[in-house]
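Visitor: I am new here and would like to learn how the labels on a structure are earned. Could you take me through some of them?

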Amino acid sequence: METARPASLASPETVRVTNPGGSSPFVLTCDHASNFLPLEFGTLGLAAEELSRHIAWDPGALPVARRMAAALDAALVETRISRLVIDCNRPLDAPDLVPPVSETTTIPGNAGLSEKQRAARIALSWQPFHDAVASIIDKRLARELDTRLVSIHSFTPVYRGNSRPWHIGIIHDEDRRLAAPLVAALQRLAGVTVGINEPYSPADRVYFTLERHARPRGLPCAMIEIRNDEISDEAGQRKWADLLTGIFSDLEPSSGSQGSGRRGLGHPVEPVN
């Protein structure tokens with residue numbers, strides 16, 4: 001598990017913002033950056049080893065996001081609380097906002113929450129995260145700065161017995177201005193299998209941060225999913241961060257905004273992205 005994280009619900013440090021005034025047009029988010037549980041939650045009734053699994057966070061995503069942000073001079077907003085406490089990439093009415101089950105694992109500490117307990121979790125992590133993203137974007141737009149929102153995640157190589165062949169997936173809805181040139185650049189890389197709205201699509205309820213912050217403001221946006229065995233160590237994290245940084249350094253949104261995508265085709269699973 002990660003260390004040096006806020007120890008208490010009383011801590012204001014449940015979201016970290018790095019380089020909010022960055023010169024890059026890209027604003028990066030890492031919605032599932034940490035597997036940290038504040039002391040008040042114990043282990044949510046789980047064995048300690050469960051908290052290193054993908055159910056608790058997106059392994060490898062944060063080091064990639066941090067390296068990209070530093071290289072691009074981009075703003076980065078990261079969560080510092082496990083998504084098992086509350087998932088910042090879900091709307092407030094989502095059944096898995098506070099997940100009772102993650103993949104196939106029951107989360108005992110999330111059963112039977114009162115409205116007061118639920119509200120406390122929203123105030124702890126969800127609200128500060130979205131307030132931070134909105135603040136950065138609104139300040140940039142007030143200065144008339146070009147702004148593009150990208151969220152960075154990781155996914156498991158095998159999900160419920162099904163192998164996932166993609167090294168990286170680009171998730172988008174009807175707005176393909178950013179996704180289309182990003183996919184094209186990735187497809188030019190030798191030996192890289194690119195998923196387009198794989199292993200998830202917006203229909204799987206995994207696109208909330210972009211739907212909340214980019215779409216109402218008309219901003220180009222995309223979601224990046226990297227298979228977590230590709231970024232399980234520093235070498236892999238550096239490889240993918242540097243590859244994506246090189247692409248993003250020259251990436252310009254296309255003029256078109258509509259594309260077929262796969263928005264209406266949800267997967268028959270409970271996604272944990």
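Guide: Here are a few labels and the values behind them, all from a predicted model.

Visitor: What makes cysteine 30 count as buried?

Guide: Buried means under 20% relative accessible area. Cysteine 30 has 0%, so the label fits. Cysteine 88 is buried too, because its value is 2%.

Visitor: How many disulfides are there?

Guide: The count is zero. A disulfide needs two cysteine sulfur atoms within 2.5 Å.

Visitor: How do you know that the span of helix α5 agrees with what is expected?

Guide: Helix α5 has 17 residues, 234–250, and at 1.5 Å a residue they should span 24 Å. The end C-alpha atoms are 25 Å apart, which agrees.

Visitor: Which residues of α5 are buried, and why are they said to line one face?

Guide: They are Gly236, Gln237, Trp240, Ala241, Leu244, Thr245, Ile247 and Phe248. Seen down the axis of α5, they fall within an arc of 165 degrees, so they line one face of the helix. On the other side, Glu234, Ser249 and Asp250 are exposed. Among the elements covering the buried residues are β2, α1 and β11.

Visitor: Why is the pair of phenylalanine 26 and phenylalanine 248 called tilted?

Guide: Stacked planes are under 30 degrees apart and edge-to-face planes over 60, the rest being tilted. Here the angle is 40 degrees, with the centres 4.6 Å apart. The pair joins strand β2 to helix α5, 222 residues apart along the chain.

Definitions and conventions:
Residues numbered from 1 in each chain as written. Predicted model: local features only at pLDDT ≥ 70, side-chain atom pairs only at ≥ 80, totals over all residues. Heavy atoms only, no water. Buried < 20%, exposed > 50% of the residue type's maximum accessible area, 1.4 Å probe, protein only. Helix = DSSP H or I, 4+ residues; strand = E, 2+ residues; numbered from the N terminus. Expected span 1.5 Å × (residues − 1). Arc of directions from axis to C-beta. Contact = heavy atoms within 4.5 Å. Phe/Tyr/Trp six-rings, centres within 6.5 Å; stacked < 30°, edge-to-face > 60°.
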